[in-house]
Amino acid sequence: MAKLELQNLRKQFAPNVIPVKDISINVEKGEFLTLLGPSGCGKSTLLRLIAGLEQPTQGNVVIGGTNVNSVAPGDRNIAMVFQSYALYPHMTVAENISTSLRLRKIPKEEIKLRVSNVANTLGLSPLLNRKPRQLSGGQRQRVALARALVREPDVFLLDEPLSNLDALLREQVRAELKQLFNSQKKPVVYVTHDQTEAMTLSSKIAVLYDGLLQQLDSPSQIYTYPANQFVAGFVGSPQMNLLTLNCQKDCAILGDYRIPLPNFSPSPSQVVLGIRPEDVRIAEAEDEQIIAGEIFLVEDFGKEKLLSVRVDGSTDKTIRAILPADCDWGGEQIKLALPSKKIHWFEIESGDRLN
């Protein structure tokens, strides 16, 4: 089984255009790695470097212990699923699936067997004689996946393959993808800017920004312990509350309230406080850290409501809290608890995590 290694990869198109900056990642067999980040962060360029569609300015792409920098894309034994599906409109489903096998001059009987097996796996057997124009979006996506699977590659690469599907179909295909690649036991590299896809599909997520690797970890660790302010703000919906606060001695000042700081050394003059809306709750008498404020916006999500609260004593500091839809907060004024174990602290200039 192959292992994918990215060793100090850098890609520079011009002096000021460097989409990938010294990135090192290992993807073991059976791991599902998602490259997550906003548009322009280097995700697709990194995928193209793995595929051989771009050559690195420096660094190495290693597959199964072999440096493939000088190996042509067609000889790397990788399979790529594109955002646009890239099906041949004049070919049947069976012909589209078998294209790569025919180009490699695989015996006809083996081609037939492989196509039959992958078609059964993806529920495409009744559609093998149809043309792409006769298929739905979800069926076309399955054909693109089948074309990748039938190659039996060392590494799978997927470039935002669900972005053209509607929300309901995307949810269905996402579940199918997770089961499918769990059974393949091959390295998978998946590119998306959709954090829901990243959190649900991945065994490991690489968060990228401005060509740099911000954090490489499991989905749960990235969500509960973000490495810096960018990761904290990018991962999670609704976005984490991030408040820049002045400090006095061992406390951060939030409107009329003083939030105790951990024992930082040296003590900062300013910090960024982060807390997820789902971790903010209505205060009870025994809560230690309570703030009060005025509700100025309520967004109804059906099963829950998102409250935006302007903190007492401040004109520009607001806290958002997710509460159950049937929760009664008793008017425009509300008291909220900020559990200390759920608060994240970040350095003001670098954005790095402090606690």
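In the predicted model, the buried residues of helix α1 are Lys 43, Thr 45, Leu 46, Leu 47, Leu 49, Ile 50 and Ala 51. Helix α1 is thus mostly covered, with seven of its nine residues buried. The helix, which spans residues 43-51, lies across β1, β2 and β4 (58-63), and runs at about 120 degrees to β1. Gly 52 follows α1 and has a positive phi, near 90 degrees.

The strands crossed by α1 include β1 and β2, which belong to an open sheet of four strands in the order β2-β1-β4-β5. Pairing in this sheet is antiparallel. Its edges are formed by β2 (20-27) and β5 (66-67), each of which pairs on one side only. Between β1 (residues 4-11) and β2, the antiparallel pairing extends over five bridges. Within the sheet, Leu 4 stands opposite Val 27 in β2.

A second open sheet contains six strands, ordered β6-β7-β8-β3-β9-β10, and its pairing is mixed. Here the edge strands are β6 and β10 (212-217), and each pairs on one side only. From one strand to the next, the twist averages 15 degrees. Strand β3 (residues 32-36) runs parallel to strand β9 (residues 204-209), and four bridges join the two. Leu 36 stands opposite Val 207 in β9.

Strand β3 also holds Thr 34. This residue counts as buried because its relative accessibility is 0%, against a cut-off of under 20%. Beyond residues up to four places away in sequence, Thr 34 touches Tyr 190, Thr 192, Ala 198, Ser 202, Lys 204, Ile 205 and Ala 206.

Two helices lie across strands of the six-stranded sheet. Helix α4 lies across β6 and β7 and runs at about 170 degrees to β6. Helix α5 lies across β3, β7 and β8, at about 165 degrees to β7.

Both helices also contribute to the largest nonpolar core. In soluble globular proteins, nonpolar side chains tend to be buried together. The largest such core in the model comprises 37 residues, of which Ile 97, Leu 122, Leu 124, Phe 156, Leu 158, Leu 177 and Phe 181 touch the most other members. Two or more residues are given to this core by each of β6 (78-81), α2 (93-103), α3 (108-122), α4 (137-149), β7 (155-159), α5 (167-182) and β8 (188-192). The largest share, six residues, comes from α4.

Phe 156 illustrates the surroundings of one core residue. With neighbours within four places in sequence left aside, Phe 156 is in contact with Ala 79, Ala 148, Leu 149, Phe 181, Gln 184, Lys 186, Pro 187, Val 188 and Val 189. Among these contacts, Phe 181 is itself one of the residues that touch the most other core members.

The largest pocket has a volume of about 490 Å³. It is lined by 17 residues, and those closest to its centre are Ile 78, Met 80, Phe 82, Ser 100 and Arg 151. Two or more lining residues are supplied by each of β6, α2 and α4. These three elements also give two or more residues each to the largest nonpolar core.

Further along the chain, strand β14 (residues 270-275) is largely enclosed by the rest of the structure, because five of its six residues are buried. Strand β11 (residues 241-248) runs antiparallel to β14 and is joined to it by six bridges. In this pairing, Asn 241 stands opposite Ile 275 in β14. Strand β14 is also joined by four bridges to strand β20 (residues 344-347), again in the antiparallel sense. Leu 273 there stands opposite Trp 345 in β20.

Leu 273 and Trp 345 are both among the contacts of Ile 259, a residue of strand β13 (residues 257-260). Ile 259 is buried, since its relative accessible area is 1%. When neighbours within four places in sequence are left aside, the contacts of Ile 259 are Asp 250, Cys 251, Ala 252, Leu 254, Leu 273, Gln 289, Ile 291, Leu 338, Ile 343 and Trp 345. Ile 259 and Phe 230 lie 29 residues apart in sequence, and their C-alpha atoms are 22 Å apart in space.

Notes: Residues are numbered from 1 along each chain as its sequence is written. This is a predicted model: local features need pLDDT of at least 70, side-chain atom pairs count only at pLDDT 80 or more; totals for chains, interfaces and linings use all residues. Side-chain values use heavy atoms; hydrogens and water are left out. A nonpolar core is a set of buried Ala, Val, Leu, Ile, Met, Phe, Trp, Tyr and Cys residues joined through side-chain atoms within 4.5 Å. Buried means under 20% relative accessible area, exposed over 50%, partly exposed in between (1.4 Å probe, protein chains only). Contact means heavy atoms within 4.5 Å. Two strands pair if DSSP finds at least two bridges between them. Axes are lines fitted to C-alpha atoms, for helices over the stretch in contact, and angles run from 0 to 180 degrees between N-to-C directions. On a 1 Å grid over the protein atoms alone, a cavity is a set of points where a 1.4 Å probe fits but cannot get out, and a pocket is an open set with protein on both sides within 12 Å along at least five of seven lines; lining residues have an atom within 4 Å of a point. Grid points are joined across faces, edges and corners, and a volume is the space filled by probe spheres set on the points.
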